[in-house]
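Colleague: Could you zoom in on one part of this model for me and talk me through it in one go? Please spell out the cut-offs as you use them.

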Amino acid sequence: IDERNALLAEAERHLPADAYFEWNASIGGVIVQLRTNSPHLADFFQENFYPAPLEGDLEPHAVVYAVKDVPGREPSAYVSLETATAFAFNTSFYGQVRSLTMALAGEAAGRSGGALLAHCACLDRDGGGALVWGAGGSGRTAVLGRALEAEGGRLVGNDAVLVRTGASGVVADLVERKLYLKAKWAAHLP
């Protein structure tokens, strides 16, 4: 808690009112708020995640601080699942902020409703599906490309889905507005 509080104080010192962006995202029913001084990170966050109300009585379940231009600090990231807080210092890499956000959302979804935020791809074929895991270099992209060539195959998510039990069984939902696809996908899905 002491380390988290020190990081929080440092982050807040470097979030000036004239360069401050705040956005609430709804990720599988979990509200994660981004607080940043990076217009680039704010734009990507707003475009990628579904919006949640920012005003009113709604408090976020988790907060991500993404702060650039902190003198004397190396690029770094920290996450406290216990306090539902994450920090990214001196980076404009959206992938890192996205990963921190998804970790916090997954933790909250698991605690509140027993859902699992799975770091995997999800395929659908006529209402049935499969989750596909694979480490970097495992050939997962090629496998997904071949599976999608099949009649009726559809990519639900390529990196993360929220898996929960619904009235009709297990359901996997895409929690982002857009699919982040690396250029290598083009080789497998022309």
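Modeller: I'll start with the aromatic pairs and then move on to a helix and two residues elsewhere.

First, the ground rules: this is a predicted model, so local features need pLDDT of at least 70 and side-chain atom pairs count only at pLDDT 80 or more, while totals for chains, interfaces and linings use all residues. Numbering runs from 1 along each chain as its sequence is written, and side-chain values use heavy atoms, with hydrogens and water left out.

Now the rings. The structure holds 5 aromatic pairs; rings of Phe, Tyr and Trp (its six-membered ring) pair if their centres lie within 6.5 Å, and planes under 30 degrees apart are stacked, over 60 edge-to-face, and the rest tilted. One of the pairs is Phe44 with Tyr94, which is tilted, at 5.5 Å centre to centre and 40° between the planes. This pair links distant parts of the chain, with Phe44 in helix α2 (residues 39-48) and Tyr94 in helix α3 (residues 94-113), 50 residues apart. Helices and strands here are DSSP runs numbered from the N terminus (H or I with at least four residues, and E with at least two). Phe44 is partly exposed at 42% relative accessible area, whereas Tyr94 is buried at 10%. Buried means under 20%, exposed over 50%, and partly exposed in between, using a 1.4 Å probe and protein chains only.

Then there's Tyr78 with Phe89: the ring centres are 6.4 Å apart and the planes sit at 70°, so this pair is edge-to-face. Tyr78 is in strand β5 and Phe89 in strand β6, 11 residues apart. Tyr78 is partly exposed at 28%, but Phe89 is buried at 1%. Both belong to one aromatic cluster, together with Tyr65 and Phe87. Arg73 lies over the face of Phe89, 4.3 Å from the ring centre; the test for that is NZ of Lys or CZ of Arg within 6 Å of the ring centre and within 35 degrees of the ring normal.

Those two strands turn up again at helix α1. What covers the buried residues of α1 includes β4 (62-67), β5 (76-80) and β6 (85-89). The buried residues of α1 are Leu7, Leu8, Glu10 and Ala11. They sit on the same side of α1 because they cover an arc of only 165° around the axis, taken from the directions from the helix axis to the C-beta atoms. On the other side, Asp2 and Arg13 are exposed.

Next, Thr36 in strand β2 (residues 30-36). Thr36 is buried, at 0% relative accessibility. Its side chain reaches the backbone nitrogen of Ser38 at 3.0 Å and the backbone oxygen of Ala66 at 2.5 Å. Beyond its neighbours within four places in sequence, Thr36 is in contact (heavy atoms within 4.5 Å) with residues including Leu15, Tyr20, Phe21 and Ala66.

Last stop is Lys68, in the loop between β4 and β5. Lys68 is partly exposed, at 25%. With neighbours within four places left aside, Lys68 is in contact with Asn37, Ser38, Pro39 and Asn90. Lys68 and Glu10 are 58 residues apart in sequence and 11 Å apart in space, C-alpha to C-alpha.

Notes:
A polar contact is a pair of N or O atoms within 3.5 Å; within protein, one must be able to donate a hydrogen and the other to accept it, and residues adjacent in sequence count only if both atoms are side-chain atoms.
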